[in-house]
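Me: Please pick one part of this structure and give me a close look at it. I'd like a single connected walk-through rather than a list.

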Amino acid sequence: MDSNLTKLPTTMETALMEKSLTAYHLNPLYRYLSVVMGENQARELCLLYNVGTSKAYGGSTVFWQVDHMGQVKAGKVIGYDPKTGRRIREPKPQVAWGHSLMKINLDLKQCLFGEHLLSKRPAQPVVIVESEKSALIGAWKMPEYVWLATGGIQMLKPTEALRRRDVMLIPDLGAEEIWREKMEQLKPICKSVILSDCLSKRATEERRKAGWDIADFLLTEPAATMVIEDMKSRYPDLHDFIQGLQLTAISTLQGMPEGMEKARGNTLENPLN
């Protein structure tokens with residue numbers, strides 16, 4: 001039998017992703033971000049990064065991975081607490097792949113979350129973090145960078161999408177050595193690669209035990225100011241516009257803003273509902 005006849009696809013239909021970019025009133029991470037940054041900004045970021053909604057786990061977030069050529073590679077479905085913005089891990093982690101929920105046979109070939117933005121912003125320096133939520137928070141606080149996420153501590157790998165790009169790696173606390181080793185694989189591809197220790201330099205024992213990531217620092221003053229000053233020193237050419245950033249203390253109020261308008265769209269067409 002011809003092996004090509006049984007070869008599974010490595011991409012998904014764009015229409016499946018687009019149909020999930022709705023019903024944000026059911027999306028727990030969107031609800032949290034709406035409190036943190038405002039509904040309009042949260043919606044803009046979700047649409048920019050192709051963040052969708054699923055009814056799995058009673059309402060969850062879909063992080064679509066779209067590569068630098070515009071191909072939809074996968075959709076990771078994760079459950080969040082809408083009040084804290086934390087992933088739900090008990091009694092067991094709420095995480096699944098969109099193609100599995102839709103019963104689609106797929107040869108999973110992941111790419112960086114947010115990778116599709118690289119072709120649209122060819123001159124901007126790139127920041128790579130671990131979690132998708134951190135990439136969204138970073139993109140809100142410092143939009144002058146292209147923020148990408150690996151989606152896992154071991155998922156930092158060389159990719160053609162990063163060729164000739166200036167890249168800064170910001171690992172979660174405790175993952176510095178793992179990413180330092182993986183950084184060597186990126187050097188032949190990237191124009192430059194820097195591993196920032198801005199988190200570890202400012203991490204208290206309490207923060208280490210809590211497993212803080214870049215999002216936690218960026219949402220906490222004065223930690224956010226210190227992190228941004230560190231990034232500014234790494235990229236001196238960006239001094240002017242980073243200096244102009246307006247940082248304010250962020251209130252992580254619990255619950256939904258009163259009168260928040262529900263996202264529009266026909267949720268019945270959403271294949272992940």
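Reply: Contact, as used here, means heavy atoms within 4.5 Å. This is a predicted model, so local features need pLDDT of at least 70 and side-chain atom pairs count only at pLDDT 80 or more, while totals for chains, interfaces and linings use all residues. Residues are numbered from 1 along each chain as its sequence is written, and side-chain values use heavy atoms, with hydrogens and water left out.

Let's take helix H2, residues 28-37. Helices (H or I, at least four residues) and strands (E, at least two) are DSSP runs, numbered from the N terminus. For the setting, the chain has eleven helices and eight strands. Of its 273 residues, 51% are buried, meaning under 20% relative accessible area with a 1.4 Å probe and protein chains only (exposed is over 50%, partly exposed in between). If you take contacts between residues at least 6 apart in sequence, 66% of them join residues at least 24 apart.

H2 itself is largely enclosed by the rest of the structure, because nine of its ten residues are buried. Those are Pro28, Leu29, Tyr30, Tyr32, Leu33, Ser34, Val35, Val36 and Met37. And what covers them? The cover includes H3, strand S2 (60-66) and H5.

Start with H5, residues 132-141: its axis and that of H2 come within 12 Å and cross at roughly 25°. Axes are lines fitted to C-alpha atoms, for helices over the stretch in contact, and angles run from 0 to 180 degrees between N-to-C directions. That crossing makes H2 roughly parallel to H5, given that under 35 degrees counts as roughly parallel, over 145 as roughly antiparallel, 65 to 115 as roughly perpendicular and the rest as oblique. On the H2 side, the contact is made by Leu29, Leu33, Val36 and Met37; H5 brings Lys133, Leu136, Ile137 and Trp140. Sort these residues by class and you get seven nonpolar, no polar and one charged. For that sorting, Ala, Val, Leu, Ile, Met, Phe, Trp, Tyr, Cys and Pro are nonpolar, Asp, Glu, Lys and Arg are charged, and the others, Gly among them, are polar.

Now turn to H3, residues 39-48, whose axis is 7 Å from that of H2, at an angle of about 130°. H2 is therefore oblique to H3. Tyr30, Leu33, Ser34 and Met37 of H2 meet Glu39, Gln41, Ala42, Arg43, Leu45 and Cys46 of H3. The class split here is six nonpolar, two polar and two charged. Leu33 and Met37 turn up in the contact with H5 and in the contact with H3.

The two ends of H2 have their own details. At the start, a side-chain oxygen of Asn27 comes to within 3.2 Å of the backbone nitrogen of Leu29. After the helix comes Gly38, with a positive phi near 100°.

Another neighbour to look at is Pro82, in the loop between S3 and S4. Pro82 touches Pro28, Arg31 and Tyr32, if you don't count residues up to four places away in sequence. Pro82 and Arg31 sit 51 residues apart in sequence, yet their C-alpha atoms are 5.7 Å apart in space. Pro82 counts as partly exposed, at 22% relative accessibility. The loop between strand S3 (72-78) and strand S4 (95-97) also holds Pro91, which is joined to Glu90 by a cis peptide bond with omega about 0°.

Going back along the chain, the loop between H1 and H2 contains Ala23. Its phi is positive, near 50°, in a residue other than glycine, and Ala23 is buried with a relative accessible area of 0%. Helix H1 (residues 14-19) includes Met17, which is buried at 5% relative accessible area. Leaving aside its neighbours within four places in sequence, Met17 is in contact with Asn50, Trp64, Val66 and Val72. Met17 also lies 9.4 Å from Gly98, C-alpha to C-alpha, with their positions 81 residues apart in sequence.

One last spot leads up to S2: Tyr57 lies in the loop between strand S1 (51-54) and S2. Tyr57 has a positive phi of about 60° although it isn't a glycine, and with a relative accessible area of 37% it is partly exposed.

Conventions. Polar contact = N/O pair within 3.5 Å; in protein donor to acceptor, adjacent residues only side chain to side chain.
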